[in-house]
Amino acid sequence: MSKISKLLENTLNIIMAVALAIMVVLVFGNVVLRYAFNSGITWSEEMSRYLFIWLTFLGAIGAYKNKEHLGVDMVIKRLPNKMKKVVLVISDLMILFVLLLVLDGSWKMTLINIDSTAPATGMPLAFVYGTGILVSVSMGLLIINNLYRIFFNKIKDEELVSISESEELISLHGDEFITEGIIEGKEEKQG
């Protein structure tokens with residue numbers, strides 16, 4: 001399972017890197033063509049916009065898997081492990097509900113726009129609206145896996161907080177940083 005997960009994560013990262021590289025080339029090339037040659041690529045802006053949409057949504061999957069979304073965990077860190085599990089299950093169920101709404105809306109928009117095409121590229125607009133389907137299904141599978149691990153006690157205690165520490169916080173406080181919290185690190189130094 002971990003090999004498949006790693007393969008999917010690497011594929012996701014490669015797709016995002018390629019999308020970003022294509023966006024840079026298209027936008028920079030179009031700017032150069034406009035200012036230097038008074039012309040441009042007609043479909044460049046539209047294609048870079050669609051790539052940006054895909055890049056954003058695919059990045060959300062990677063960020064969720066690596067617990068890099070923004071969150072406030074000040075209260076959750078101080079709860080006992082059983083309460084942390086309860087809060088994490090409630091949080092995951094709420095996210096799963098929102099993802100079901102995103103899936104429903106994206107599915108309907110994809111079906112509505114299946115025959116519509118983009119004006120410059122001629123690409124089906126279902127390609128753009130399909131991002132919501134991919135993201136909601138992918139993140140939903142991650143959440144279901146997370147819930148499975150919680151219910152069958154296959155989750156580690158440090159994974160019970162659904163966000164990871166900020167690198168800036170770690171670099172600011174260096175050796176004072178303790179996983180239980182900065183306040184305890186300062187108290188130990190004073191006492």
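These legends walk you through several close-up views of a predicted model.

**About the model.** In this predicted model, local features need pLDDT of at least 70 and side-chain atom pairs count only at pLDDT 80 or more, while totals for chains, interfaces and linings use all residues. Residues are numbered from 1 along each chain as its sequence is written, and side-chain values use heavy atoms, with hydrogens and water left out.

**View 1. Glu9 and Lys65 join two helices through a salt bridge.** A salt bridge here is a side-chain nitrogen of Lys or Arg within 4 Å of a carboxyl oxygen of Asp or Glu, and a search of the whole structure finds three. In this one, the N to O distance between Glu9 and Lys65 is 3.5 Å. Glu9 sits in helix H1 (residues 2-37) and Lys65 in helix H2 (residues 44-65), so the pair links distant parts of the chain, 56 residues apart. Helices (H or I, at least four residues) are DSSP runs, numbered from the N terminus. Glu9 is buried, at 17% relative accessible area, whereas Lys65 is partly exposed, at 34%. Buried means under 20% relative accessible area, exposed over 50%, and partly exposed in between (1.4 Å probe, protein chains only).

**View 2. Arg49 and Glu45 pair up within helix H2.** Their side chains meet in a salt bridge of 3.5 Å, N to O. Arg49 and Glu45 are separated by about one helical turn because they lie four residues apart in H2. An α-helix has 3.6 residues a turn, so residues three or four places apart point the same way. Arg49 is partly exposed at 41%, and Glu45 is partly exposed at 48%.

**View 3. Asp104 and Lys108 form a salt bridge in helix H3.** Their closest N and O atoms are 3.2 Å apart. Here too, the partners are four residues apart, about one helical turn, in H3 (residues 81-112). Asp104 has a relative accessible area of 39% and Lys108 one of 47%, and each is partly exposed.

**View 4. Helix H3 has buried residues covered in part by H2 and H4.** With 32 residues, H3 reaches 46 Å from its first C-alpha to its last, close to the expected 46 Å. The expected span is 1.5 Å times one less than the number of residues. Among the buried residues of H3 are Leu88, Val89, Leu96 and Leu99.

**View 5. Helix H4 is followed by a positive phi at Asn153.** H4 (residues 126-151) has 26 residues and spans 37 Å from first to last C-alpha, close to the 38 Å expected. Just after H4, the phi of Asn153 is about 50°.

Definitions and conventions:
Contact means heavy atoms within 4.5 Å.
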